[in-house]
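Good morning, colleagues. Please take a moment with the sequence and the model on the screen, and then I shall go through the fold, the aromatic contacts and the nonpolar cores.

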Amino acid sequence: MEELARRTMAATPWLLLLCLAAAAGGVLQARAQPDSKGYITIDCGLQGKTDRVDNDTKLAYAPDNGEFTDDAGTCHNISAQYMSPSMHESWYNVRSFAAGARNCYTLCSLVPGLKYIVRASFMYGNYDGLNRPPVFDPHLGVNYRYTVSIARPDEAKFVEVIAVVPDNFVQATKAQGLVLLSRLNYGSAGGIVRYPDDPDDRLWFPSVNSLLWAEMSTTRKVQNVDNDSFEAPSAVLQTAIRPRNGSQNTALLGVPAPNQ
């Protein structure tokens with residue numbers, strides 16, 4: 001799994017993480033430090049002492065050698081049945097917390113009062129051969145976010161929060177934030193847009209509906225207004241949709257999942 005933080009911090013307890021950028025409220029404390037770009041990115045379950053540089057983003061992923069969790073949990077590879085050449089490397093390995101009510105990662109050297117994007121990704125991958133996908137509750141600090149339920153071994157789940165941190169780390173503290181519902185790149189049938197197109201490495205998932213929408217695009221650079229607080233990247237703004245039937249409107253509805 002992967003864990004990302006740019007001015008970031010994340011939390012997650014119990015069973016498995018692929019990538020992580022913070023801590024699940026508890027008593028453990030890790031010593032992750034931001035890199036030169038301001039990110040803290042951990043490839044959870046990756047063994048060794050050398051960072052892995054991602055081929056696409058060129059971001060460095062720190063190995064998960066137990067330092068971040070004070071050796072809590074165990075590292076595993078997912079079942080070969082669920083590996084594929086097109087799969088991102090960070091999904092190949094996981095850290096499992098099969099014991100203890102709470103286990104945590106902690107990211108340090110944050111700036112109190114700043115906003116951080118905290119993202120953790122999860123996949124079971126039948127790493128233990130038991131074919132029992134987990135259900136667990138991620139926390140940021142002591143704050144419950146929502147229940148993550150993995151339905152299939154190959155199902156991937158992402159939890160992302162924008163949080164204002166009250167101290168230079170997040171663990172069992174007060175943390176206020178917004179939980180991401182979805183982030184879509186309408187009109188694009190390509191891959192996920194992320195860093196370096198988005199300096200904050202937000203994940204923009206493609207979204208098309210050939211029955212209802214006609215796609216529009218441009219190759220010209222698109223910039224939003226000055227001081228745009230959303231800072232949508234040009235690669236996302238270059239695509240758009242319109243109703244395929246000119247007499248109809250386009251309705252975009254966001255419905256939270258249960259417990260969100």
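Accessible areas here come from the Shrake-Rupley method with a 1.4 Å probe. On that basis, the accessible surface of the chain comes to about 13300 Å², and carbon and sulfur atoms hold 51% of that surface. I should state at once that this is a predicted model.

Let me begin with the overall architecture. The chain has 260 residues, and 47% of them are buried. Its secondary structure consists of 1 helix and 19 strands. Among the contacts with a separation of 6 or more, 66% link residues that are 24 or more positions apart.

I turn now to the aromatic residues. How many aromatic pairs does the structure hold? There are 6 aromatic pairs. One of them joins Trp91 and Phe158 in an edge-to-face arrangement, with 5.7 Å centre to centre and 85 degrees between the planes. Trp91 lies in the loop between β7 (74–77) and β8 (93–96), while Phe158 belongs to strand β14 (residues 156–164), so this pair ties together parts that are 67 residues apart in sequence. As for accessibility, Trp91 is buried at a relative accessible area of 11%, whereas Phe158 is partly exposed at 31%.

Another edge-to-face pair is made by Tyr186 and Trp213, at 5.5 Å centre to centre and 75 degrees between the planes. Because Tyr186 is in strand β16 (residues 184–186) and Trp213 in strand β18 (residues 213–217), the pair ties together parts that are 27 residues apart in sequence. Tyr186 is partly exposed, with a relative accessibility of 25%, and Trp213 is buried, with 11%.

To return briefly to Trp91 and Phe158: together with Phe205, these residues form one aromatic cluster.

Next, the charged groups over rings. The charged end of Arg183 sits over the ring of Trp204, 5.7 Å from its centre. Arg52, in turn, lies over the face of Tyr61, at 4.4 Å from the ring centre.

Arg52 merits a closer description. Where is Arg52 placed? It is in strand β5 (residues 52–53). Is Arg52 buried or exposed? At 11% relative accessibility, Arg52 counts as buried, because the limit for that class is under 20%. Its side chain makes a polar contact with the side chain of Asp43, at 3.0 Å. Leaving aside residues up to four places away in sequence, Arg52 touches Asp43, Leu46, Leu59, Ala60, Tyr61, His88, Glu89 and Ser90. Asp43 and Tyr61 thus appear in this set of neighbours.

I close with the nonpolar interior. In soluble globular proteins, nonpolar side chains tend to be buried together. In this model, the largest nonpolar core has 15 residues, and those that touch the most other members are Ile78, Phe122, Val148 and Ile150. Which strand gives the most to this core? Strand β9 (residues 115–123) does, with 3 residues. For Val148, the contacts beyond four places in sequence are with Pro134, Val135, Phe136, Pro138, Lys157 and Val159. Apart from the largest core lies another, of 13 residues, including Ile42, Ala62, Phe97 and Val165.

Thank you for your attention.

Technical notes:
Residues are numbered from 1 along each chain as its sequence is written. This is a predicted model: local features need pLDDT of at least 70, side-chain atom pairs count only at pLDDT 80 or more; totals for chains, interfaces and linings use all residues. Side-chain values use heavy atoms; hydrogens and water are left out. Helices (H or I, at least four residues) and strands (E, at least two) are DSSP runs, numbered from the N terminus. Buried means under 20% relative accessible area, exposed over 50%, partly exposed in between (1.4 Å probe, protein chains only). Contact means heavy atoms within 4.5 Å. Rings of Phe, Tyr and Trp (its six-membered ring) pair if their centres lie within 6.5 Å; planes under 30 degrees apart count as stacked, over 60 as edge-to-face and the rest as tilted. A charge sits over a ring if NZ of Lys or CZ of Arg is within 6 Å of the ring centre and within 35 degrees of the ring normal. A polar contact is a pair of N or O atoms within 3.5 Å; within protein, one must be able to donate a hydrogen and the other to accept it, and residues adjacent in sequence count only if both atoms are side-chain atoms. A nonpolar core is a set of buried Ala, Val, Leu, Ile, Met, Phe, Trp, Tyr and Cys residues joined through side-chain atoms within 4.5 Å.
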